[in-house]
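Welcome! Here is a short, friendly tour of a structure you may not have met before. Take a moment to look it over, then read on.

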Amino acid sequence: MTALKNDRFLRALLKQPVDVTPVWMMRQAGRYLPEYRASRAKAGDFMSLCKNPAFACEVTLQPLERYPLDAAILFSDILTVPDAMGLGLYFETGEGPRFKKTVSTLADIEALPIPDAQQDLGYVMDAVSTIRRELNGRVPLIGFSGSPWTLATYMVEGGSSKDFRKSKAMLYDNPQAMHLLLDKLAQSVTAYLNGQILAGAQAVQIFDSWGGSLSAAAYQEFSLAYMRKIVSGLIREHDGRKVPVILFTKGGGLWLESIADAGADALGLDWTCDIGEARRRVGSKVALQGNMDPTVLYANPQAIRQEVSNILASYGSGTGHVFNLGHGITPEVDPANAGVFIEAVHEMSAKYHQ
Ligand code: CP3
């Protein structure tokens, strides 16, 4: 494999010294970029982008052509796993994801297969190896998956939800059924992420987008426990390099100490916590990724630079910080403002690494 030309993202995750703070953005390939919208129109729809490795590669690289990002993220979706379990994922324009089949009884859950990464999700593995070849060592490639709890909410609700009423009712009415679903998802996600790592993903992130909707006790039992199980089953070294694991629980700020104990290398932070305080709380156990409020990108360049400067100052000196947004970039952001953000991170962070 080609040697990495820019490895500061991997180095920061492992708390090794870096020259400047590395930066990437969740959802960096997406609708705020006109070239993404053009590729999606050419492919026909979102799922055709995901299922065709050439298209997935094309859109993965688009933000890297525009900005000096320090990592690429596989273009795909967390819902490919429930799709491969037979639920039939589709997207209704303007409505978000939907499933043809949902899961509501213990019998439904017992019938769910554990997908085979190569056979059932081979298009994702092909996308990973195609992207690695095209990147040619420019920056590392991040693979990803949803957390079992986050995937379970979509499978039980049949799509996005504001209140998670069916999935939370199942959790309290029939915890045994919910545990079986989460256990099957943990097995599926472990195999899926290991497949991505073997295909060439150099770091992996688990998106626990809806863990923060749970009570403190339910978070431990129904979300964190299964992420811990996944982390313990992942391939942690491949091709002579460590493969860092990032856990991102949106809304998990109250539980950072226990998330830091789950065995991952880094925690993703949303914008509701102060990153300096988070650093003091987790100590030297893990690196931190985050955490600018994505809506700051609607403000003017001076305000964006000020916010970057505040977050860098709050984290302070030394490695262990990967700059990111606290959640995905939104479709209405002006691409020029994303450029201001990324350049500000590199320019203003050098003094913290002397
Ligand atoms: O970060 C990246 O650039 C990689 C690509 C990526 C996508 N989805 C592409 C996508 C990643 C990492 C995801 C993860 C994902 N998908 C999550 C977890 C991250 C988070 O935001 O918390 C979730 C919850 C999903 C499920 C999902 N997929 C939803 C709710 C939607 C609709 C969202 C919307 O804004 O309409 C999707 C579709 C989706 N996934 C799009 C993209 C670029 C938009 C599809 C389009 O082109 O219309």
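The notes below cover two pockets and two pairs of packed helices. Please keep in mind that this is a predicted model. The largest pocket holds about 1,400 Å³ of space, and the second largest about 180 Å³. Helix H11, residues 175-199, packs with helix H12, residues 216-233, and the axis of H11 also comes within 9 Å of that of helix H9, residues 148-157.

**The largest pocket**

- Rolling a probe the size of a water molecule over the atoms shows where empty space is left.
- In the largest pocket, that space comes to about 1,400 Å³.
- The lining has 44 residues, and those closest to the pocket's centre are Arg27, Arg31, Phe46, Asp77 and Phe91.
- Two or more lining residues come from each of helix H2 (34-43), helix H3 (46-51), strand E2 (89-92) and strand E3 (96-99).
- Strand E2 gives the largest share of this lining, with three residues.
- By class, the lining has 22 nonpolar, 13 polar and nine charged residues.

**The second largest pocket**

- This pocket contains about 180 Å³ of space.
- It is lined by 14 residues, of which Arg132, Gln202, His238, Asp239 and Arg241 are the closest to its centre.
- Its lining is made up of six nonpolar, four polar and four charged residues.

**Helices H11 and H12**

- Two packed helices are described by the angle between their axes and the distance between the axes.
- For H11 and H12, the angle is about 30° and the axes are 9 Å apart.
- Angles under 35 degrees count as roughly parallel, so H11 is roughly parallel to H12.
- Their crossing is right-handed.
- On the H11 side, the residues in contact include Pro175, Met178, Leu182, Ala186 and Val189, while H12 brings Glu221, Phe222, Tyr226, Lys229, Ile230 and Gly233.
- The contact of H11 with H12 has nine nonpolar, four polar and three charged residues.

**Helices H9 and H11**

- What is the angle at which the axes of H9 and H11 cross? They cross at roughly 120° and come within 9 Å.
- H9 and H11 are therefore oblique to each other.
- H9 passes H11 in a right-handed crossing.
- From H9, the contact takes in Pro148, Trp149, Leu151, Ala152, Met155 and Val156, which meet Met178, Leu181, Leu182, Leu185, Ala186 and Val189 of H11.
- This contact of H9 with H11 has 12 nonpolar residues, with no polar and no charged ones.

Technical notes: Residues are numbered from 1 along each chain as its sequence is written. This is a predicted model: local features need pLDDT of at least 70, side-chain atom pairs count only at pLDDT 80 or more; totals for chains, interfaces and linings use all residues. Side-chain values use heavy atoms; hydrogens and water are left out. On a 1 Å grid over the protein atoms alone, a cavity is a set of points where a 1.4 Å probe fits but cannot get out, and a pocket is an open set with protein on both sides within 12 Å along at least five of seven lines; lining residues have an atom within 4 Å of a point. Grid points are joined across faces, edges and corners, and a volume is the space filled by probe spheres set on the points. Helices (H or I, at least four residues) and strands (E, at least two) are DSSP runs, numbered from the N terminus. Ala, Val, Leu, Ile, Met, Phe, Trp, Tyr, Cys and Pro count as nonpolar, Asp, Glu, Lys and Arg as charged, and the others, Gly among them, as polar. Axes are lines fitted to C-alpha atoms, for helices over the stretch in contact, and angles run from 0 to 180 degrees between N-to-C directions. Angles under 35 degrees count as roughly parallel, over 145 as roughly antiparallel, 65 to 115 as roughly perpendicular and the rest as oblique. A crossing is left-handed if the near helix is turned anticlockwise from the far one by less than a right angle, and right-handed if clockwise. Contact means heavy atoms within 4.5 Å.
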